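Welcome to this structure! Here are a few friendly notes to read alongside it, as numbered points.

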Amino acid sequence: MITDLGSMTLGAALPAAVSATAAIDVACDIAAPNVSAQLDALASFTPTASLTLAAQLELAQAIVSNIQEAITLGIEPPSLDAQVAAAAAVIAQLQGMLEAVQAQAALGLALEAQLAVGGVRLLAFSGAQDTLGGELATALGPDTTSAHALVLVTTSGPAWAAMQEVFTTS
């Protein structure tokens, strides 16, 4: 038996997809500003070595003292080049993350647009396999000369239960 569930949007026929796009929106709305803020913070990072002469002398004395301790412990202090390289690596990683978030947001928006398309006629079939053809023709009516159809068929109870979680079936 074919039950005509009426005309609806793809989103109404696929409520799980609507929930997924909403989750994508939430995740992107949280991640993008976070990654952007980290990039902004790193953009203001500038390692410097330009100090006043007195400050340089004081720093040099502290450095000599620290170097003596580091030599004793076997530790080498990071150079300016190392600081710049580390910051550049973090910036590259964050830019990659931001691009990934933006790509996910674009995918979510594209899916939302598709799910908003209306005019989808949803038919649910329950009956013997050999009656599907005749019942489908009757449900579509005599005015239908051509049609586009998507038929999902399963003979497994668990698969049908899973499909009922994803698709509107009543």
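1. A good place to begin is the surface: Leu59, Ile63, Ile67 and Ile71 form a nonpolar patch there of about 350 Å². Please keep in mind as you look that this is a predicted model.

2. Take Ile63 from that patch. Ile63 sits in helix 3, which covers residues 53-73. With a relative accessible area of 38%, Ile63 counts as partly exposed, because that class lies between under 20% for buried and over 50% for exposed.

3. Next, helix 3 as a whole. Its 21 residues, at 1.5 Å each, should span 30 Å, and the end C-alpha atoms are 29 Å apart, so the two agree. Just after helix 3 comes Gly74, with a positive phi of about 80°.

4. Now for the interior. The largest nonpolar core has five residues: Val35, Leu39, Leu42, Leu94 and Leu98. Helix 2 (15-43) and helix 4 (80-115) each contribute at least two residues to this core, and helix 2 gives the largest share, three residues.

5. Which residues does Leu98 touch, leaving aside neighbours within four places in sequence? They are Ala32, Val35, Ser36 and Leu39.

6. Helix 2 deserves a look of its own. Its buried residues are Ala17, Thr21, Cys28, Val35, Leu39 and Leu42, and helix 4 is among the elements that cover them. In an α-helix there are 3.6 residues a turn, so residues three or four places apart point the same way.

7. Finally, the length of helix 2: the expected span for 29 residues at 1.5 Å a residue is 42 Å, and the end C-alpha atoms are 42 Å apart, which agrees.

Note on methods. Residues numbered from 1 in each chain as written. Predicted model: local features only at pLDDT ≥ 70, side-chain atom pairs only at ≥ 80, totals over all residues. Heavy atoms only, no water. Patch = residues over 30% accessible without salt bridge, like charges linked within 9 Å, V, L, I, M, F, W, Y side chains within 5 Å. Areas by Shrake-Rupley, 256 points an atom, 1.4 Å probe, with all protein chains shown as cover. Salt bridge = Lys/Arg side-chain N within 4 Å of Asp/Glu carboxyl O. Helix = DSSP H or I, 4+ residues; strand = E, 2+ residues; numbered from the N terminus. Buried < 20%, exposed > 50% of the residue type's maximum accessible area, 1.4 Å probe, protein only. Expected span 1.5 Å × (residues − 1). Core = buried A, V, L, I, M, F, W, Y, C linked by side-chain atoms within 4.5 Å. Contact = heavy atoms within 4.5 Å.
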